[in-house]
Amino acid sequence: MAEAVNTTTWVTLLCDVRRTGGQGQWPGRAPERVLWQLRLEDSVRSSPVLAGDLLYITCLDGALHAIDVHSGREAWKSETGSGIHSTPAICANKVLFGNDSGQVFAVDRTTGQKLWAVSTGAEVWTSPVVFGGTVFFGSADGYFYAAALSTGKVQWTFRSGARIYSTAYAEEHRVYFGCSNRKVYCLDSGSGEVVWTAESGDGIESSPALADGAVLIGSEDFSLYALDAASGIIRWKYSTGLGISSSPAVANRTVLAGSKDGFLYALDLSSGRLNWKVQISNVIMASPVISEGVVCIQAFRGETLALDTATGQTIWRAQLGMSVQSCPVLTKSAIYLADIEGMVYALE
Amino acid sequence: MNRRTFVTHALAGTTGLVIGGARARAAGEVNLPDPPPIHVHGLKDYRRSPLGMPGLFPGRVIEIHDPNAIRDNHVSQPVVRRMIEQGMKELTGETSPAAAWARFVTPNDVVGIKINPAGAPACCSSPEIVREVIHGLRSAGVRDILVYDRFSYYIQAGGYHALLPVGIRVVGVEHRESDVSGYDTNIYCQADFFGEWETRSYLASVVTQQITKIVNIPTLKDHSAAGVTGCLKNLGYGSFNNVNRTHKAPITFTDPLIGVLCSTEPLRSKAVLSILDGMREVWHGGPQTQLQQFIGQPGLLLFGTDPVAVDTIELAIISKKRELEGALSLWDRNPANMAKDGQEYSLNPRKNLFFRQPAHIEAAGRLGLGVWEINKINYSKVEMG
């Protein structure tokens, strides 16, 4: 079995708490061969994350799987008894994730042993976000939760009254997320009090990014919004052909987001002006990840593409399995990705 | 009749029933093979519900149209609410929407809303309509509602999980190919169409074990094999597994399997109402095209309890649109019009991928599921807006 060498950590959705998408860590070369591949027991709808020698991935078989990146073999798995759509997040010795029964778990990242669990009233598809010793996550029960990282004890909840599938973005004193009631919320991260809300034209599944003082988020109303992070006032919005569940990525003052119309859009961060758009598939639901001048994205119908962030020109394309919202992990030496058939790939 | 097959039923007393859609064959058309015998293995001693297909209003179809229902591909929630309220009242003769819904469901029912997400996101059951159906069911006191389809990834593409109210379960029966864990192995239709290794199609467990009523929300859409995909196709091929095996280009046995599946208990009895979503209209490339040039936005809804009658009207609407657009007739059987591959078919309305089988609607009618003769259908159109 070939050996993948990892010098990278990719600890949560889109790499890190700043959701940078791994910028600068991956040279953008086309993968030359499959290092290993592994078929899990059921479909994968989440994105893998990476820390040390272990790739962590959740599966609709109800387990968090830890896979040795050198061998492609499973090191351990942690069963929850219910399907998992939530992308795991790693913080210190813990891996955090939700499941379809509405529980959020913290497990030991070296052994898979359960440390604590929090119960909500419906499925948790969002990825838990950790900031300042607090775990933030939304649930389809219509509540947003803040829990202590160390114990799982719930510190506060906020009732939106509508399903939450948007993974939050947390920063000092603030946490941002979208909701199926069309709103984007900015809450005080210490108290759960509403700082501001902004309204789009339809439900929101996209997870926000923050850049240049703007909250960037897509809506099922077909538009990508840039909201002033301090006030929630719309700076600009850009309309595409269909809904946007993809979460935007930002590099060099360019915002990249996929739309369900099949196009990947590159917009100017300040003005929302279109730099370029490229149709890469019939449907895009996953988020793009950015490296050194290259954006990589998995499309619904199975295409994985790398494009030049400046021009949108295709650098390479691979036909792998279908992806609903899974994003690849990019390292200096390998790309890790998963598909809805439950295949996990390591590409060199 | 130009296609016939023999259907047998186990456990309900073996009956022989010869079915098949009728249509005179034009000169130059191919002679298609007869379908194989189909064996139906249903529930023992199941008592058919009077609410089941063709339901309370055989042969009745209500069309509601509002020019403001959809603009620039955005469906208006308030307009759709008024359309559904009006349609339900017109269908039932009741004076309030809540009373209309109460003709079909009780507070103790577990209601499954059968969506069609197969064309998601470009053309699938509109979440706005699903939300209004949920609103209507709740107005009749129903508390336990789920939305289902066979394929969880298409449901996700449609965004239903994120767009529906709190408390609604969203159920995808299959998460990946050949996932049979969500099916009831006691209820199946068996036939060998093309020598496939698995000759059974099983009914989803969510239908047999969880829900007591089904509200069907198909879309206005052509279908490369069946001709159109409406109430019958959405219900039958969206509730039983392993149905793609009925297609082997250019031959398809959607006629008669669609009707046979829909006539199988308990699916037949549980399906009490159909609201066909005509906000958008796929007139070529269905069921999965994402090409907007083949997707119109007529902004209409069809209401009925008789899926055969509703689909007959749908067939007429799509046939008319295709004629206007210069597309092949859905009944075309000329081998010269067969596309060389799916790519050519998807881009060219003058090509076919299969010898389509719109006569599956008539075949379903002959199984007792409803009225297929268009001159016998009580069809009312209401203009709003």
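**How the labels are earned: a chain A hairpin, chain B cysteines and their interface**

Visitor: What makes β4 (residues 63–68) and β5 (residues 74–79) of chain A a pair of strands?

Guide: 5 bridges join the two, which run antiparallel, and strands pair if DSSP finds at least two bridges between them, so the label applies. One partnership sets Ala66(A) against Trp76(A) in β5(A). A word on the source: this is a predicted model, in which local features need pLDDT of at least 70, side-chain atom pairs count only at pLDDT 80 or more, and totals for chains, interfaces and linings use all residues. Residues are numbered from 1 along each chain as its sequence is written, chains are lettered from A in the order in which they are written, and side-chain values use heavy atoms, without hydrogens and water.

Visitor: How do you know that Cys123(B) is in no disulfide?

Guide: A disulfide is a pair of cysteine sulfur atoms within 2.5 Å, and the count over all chains is 0. For Cys123(B), the nearest cysteine sulfur, that of Cys124(B), is 6.9 Å away, so the rule is not met.

Visitor: Why is Cys123(B) called buried?

Guide: Buried means under 20% relative accessible area (1.4 Å probe, protein chains only). Cys123(B) has 2%, so it counts as buried.

Visitor: What makes the meeting of Arg131(B) and Asp202(A) a salt bridge?

Guide: The term asks for a side-chain nitrogen of Lys or Arg within 4 Å of a carboxyl oxygen of Asp or Glu. Here the N to O distance is 3.8 Å, so the pair qualifies. The rule finds 1 salt bridge across the interface of chain B and chain A.

Methods:
Helices (H or I, at least four residues) and strands (E, at least two) are DSSP runs, numbered from the N terminus. Buried means under 20% relative accessible area, exposed over 50%, partly exposed in between (1.4 Å probe, protein chains only).
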